[in-house]
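Biologist: Could you take me on a close look at one part of this model? I would like to follow a single helix, the partner it packs on and the pocket beside it.

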Amino acid sequence: MTKQLTAVLGTGQTHHRAKRTDVSMPGLLREAIDRAMADAQVDWADIDAVVLGKAPDLFEGVMMPELFLADALGANGKPLLRVHTAGSVGGSTALVAASLVQSGVHRRVLTVAYEKQSESNAMWGLSILPPFQMPVGAGAGGYFAPHVRSYIRRSGAPEHIGAIVAAKDRRNGALNPYAHLRQADITVESVQASQMLWDPIRYDETCPSSDGACAMVLGDEAAGDAVEGGAAWIHATAMRTEPTTFAGRDQVNPQAGRDAAAALWAEAGIKDPLSEVDVAEIYVPFSWFEPMWLENLGFAAEGEGWKVTEAGETAIGGQLPVNPSGGVLSSNPIGASGMLRFSEAAKQVMGRAGDYQVDGARVALGHAYGGGSQYFSMWVVGAAKPR
Amino acid sequence: MPDVAIAGFAQAPNVRETPGTTNGVEMLVPIFAEVFEQTGLSKQDIGFWCSGSSDYLAGRAFSFIAAVDAIGAFPPIHESHVEMDAAWALYEAWLKIKMGEVETALVYGFGKSSAGELRRVLALQLDPYVVTPLWPDSVSIAGIQARMGLEAGLWSEKDLAEVAARGTEKDVSELLDTPYFADPLRRHDIAPITDGAAVVILSTVERARDIVEHPAVLTGIEHRVDSPVLGARDLTRSPSTEIAAKALDLDGVDLAELHAPFTHQELILRSALGLGEHVKINPSGGALAANPMFSAGLARIGEAAARIHRGESRKAVAHATSGPALQQNLVAVLEAR
């Protein structure tokens, strides 16, 4: 193995809102970047390269926006890469940035991901019908609702599990000053009383649509050693992809996710994820995806994930707090949502998660998925260097 | 850190218009088969897949997802995608081999320029607040760049025609008799609009020796970007290419494949890379012969590598560009070792 040790030196994010009309795209990005660079205590001269990620260009109406953003990204005269892997892109972008350090090519890399849907019309962007493909015509919720129904049927999970997740994540979001939705008073009952959108997914079980950005500074071993209070060391990374549709595909528990998780735990030297991982930031855009991904990631046996959720073990103070930041259910700037999961995992092991800090967090998972549950990217970060 | 080499290259026919869907993934299936036959590898031998393409070219969101079907990606694959020319996907794949994560990678780029009106589509790459609303198209921006060089005395219209005539039956004086397309550019100064795709197989040098007799060893690869503000940089030079070249050893290069969609841009690149008279430029015809968006840069690297595979070059430089007026540039050095 020739991988160089790589660490998260600092993170930053914007205040996420439905419409950030107070800033342009460069302004939005700089809000996250400036915070990440201050957190990492680095200046522009320290940055060797920039990696930008976002979901479809049609969401803002700009083709390859990294080109016009080069000035704002401080990238002039430097290498600039642009990643796009559907909803998992924020995670994949972090992994490309990590590979620039892991390969020994660079010492410090700035990575940033964003979405500013208020600049254009995302529903229009998603509604262009390609030939020869079945139109969904229902947005992401309508696409994923049958997967959730199938999960409930297969696992026999009781109906209120989704509401438990939604109430927990929104209450966690109330602890996060950057979250789009901060609902300290939400309850399982109030979630269950909210409007049904795509049976069985209710309004309060659905992610918002946000403008926002997330940035991180990654560095090599020497840079990680210099971080006051300790950096977040990358222990393992994994990415996997499978096609959207084919006969016999398991869309509830996709093999690409299972394969990525198996590779991740093997590289991190983790045999029992539930007991060895202290906190997980998992991409949960609709509440029921928490138990579904707990199983897909190997935290629970197939059909058993909902029991971990029901027992309260995924709340802050439980055995495996999931999305203490509030997760995608509280903030969803699509292209940045994956990087937020990765950076929130880093913040936990750096002890920088503020009011939603999980006590004694030493090992954390960051997870993202995209497309029709077909793109997966994930990392494990730790307070200690990997063995 | 293992050294990396190019072990295989294939490209789709470069044509004005293909009959397939707007994302053009149909062009990939035959070239995947071709590169597997050429290298003796199969899908299962590939450790990492990486591609470059554009949603705006296809006119739809998530257009690259259809390419996963062209691969037949089951069992699931380790895969990534850049919204850039696939030359930058090759850079990402190079990192994965360098860091010891995989031994082999397959890189592909695809684009169907004919799906829209390319000149107008590319105007969407500009600053959306103050420049795109004016709809300056890509040929007109290149025309401004060419005009600045003419007025500075850096090149003449005859110099440009000579670039276009090289390696063809064309007569320079006849070319200069043709009308302007976008003053000062004539048709021969402008790359054709092309549908196309390309695929490159990368591997550790050790692995490449089993696949091809003369692997093209990737001894250096650098890329840089310049400011997007057209009025804030000297358009008659390419500072990003100059910086990338400085970080590389270009001494002894005998062949160059340059991604120059306009004749004057080839002159800018030759100067930025310091290429002398003895260097053979674009034996493939370059982007002026075929400019498949999002794979033309990767194809430059593939064309250079193929000439090393065939023993026609000992050391070659390949270049890819992206953005208006040579904003972003990648330079790779390939050697027979």
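Modeller: Happy to, and one term comes first: Ala, Val, Leu, Ile, Met, Phe, Trp, Tyr, Cys and Pro count as nonpolar, Asp, Glu, Lys and Arg as charged, and the others, Gly among them, as polar. Please keep in mind that this is a predicted model.

Let us start with the pocket. The second largest pocket has a volume of about 610 Å³. Its lining is made up of 33 residues, and those closest to the centre are B:Leu122, B:Ser138, B:Pro261, B:Phe262 and B:Asn291. Sorted by class, the lining holds 22 nonpolar, eight polar and three charged residues. In chain B, α5 (118–122), α6 and β11 (315–322) are the elements that each give two or more residues to this lining. The biggest share comes from α6(B), with four residues.

Now for the helix itself. In chain B, α6 (residues 138–151) packs with α11 (residues 263–273) at an angle of about 55°, their axes lying 9 Å apart. Angles from 35 to 65 degrees fall in the oblique class, so α6(B) is oblique to α11(B). The crossing of these two helices is left-handed. On the α6(B) side, B:Ala142, B:Gln145 and B:Ala146 make the contact, and they meet B:His264, B:Gln265 and B:Ile268 of α11(B). That contact between α6(B) and α11(B) has three nonpolar and three polar residues, with no charged ones.

Methods: Residues numbered from 1 in each chain as written. Chains lettered and ligands numbered in written order. Predicted model: local features only at pLDDT ≥ 70, side-chain atom pairs only at ≥ 80, totals over all residues. Heavy atoms only, no water. Axes fitted to C-alpha atoms, helices over the stretch in contact; angles between N-to-C directions. Parallel < 35°, antiparallel > 145°, perpendicular 65-115°, else oblique. Left-handed = near helix turned anticlockwise from the far one by under 90°. Contact = heavy atoms within 4.5 Å. 1 Å grid on protein atoms, 1.4 Å probe; cavity = no way out; pocket = protein on both sides within 12 Å on 5 of 7 lines; lining within 4 Å. Points joined across faces, edges and corners; volume = space filled by probe spheres on them.
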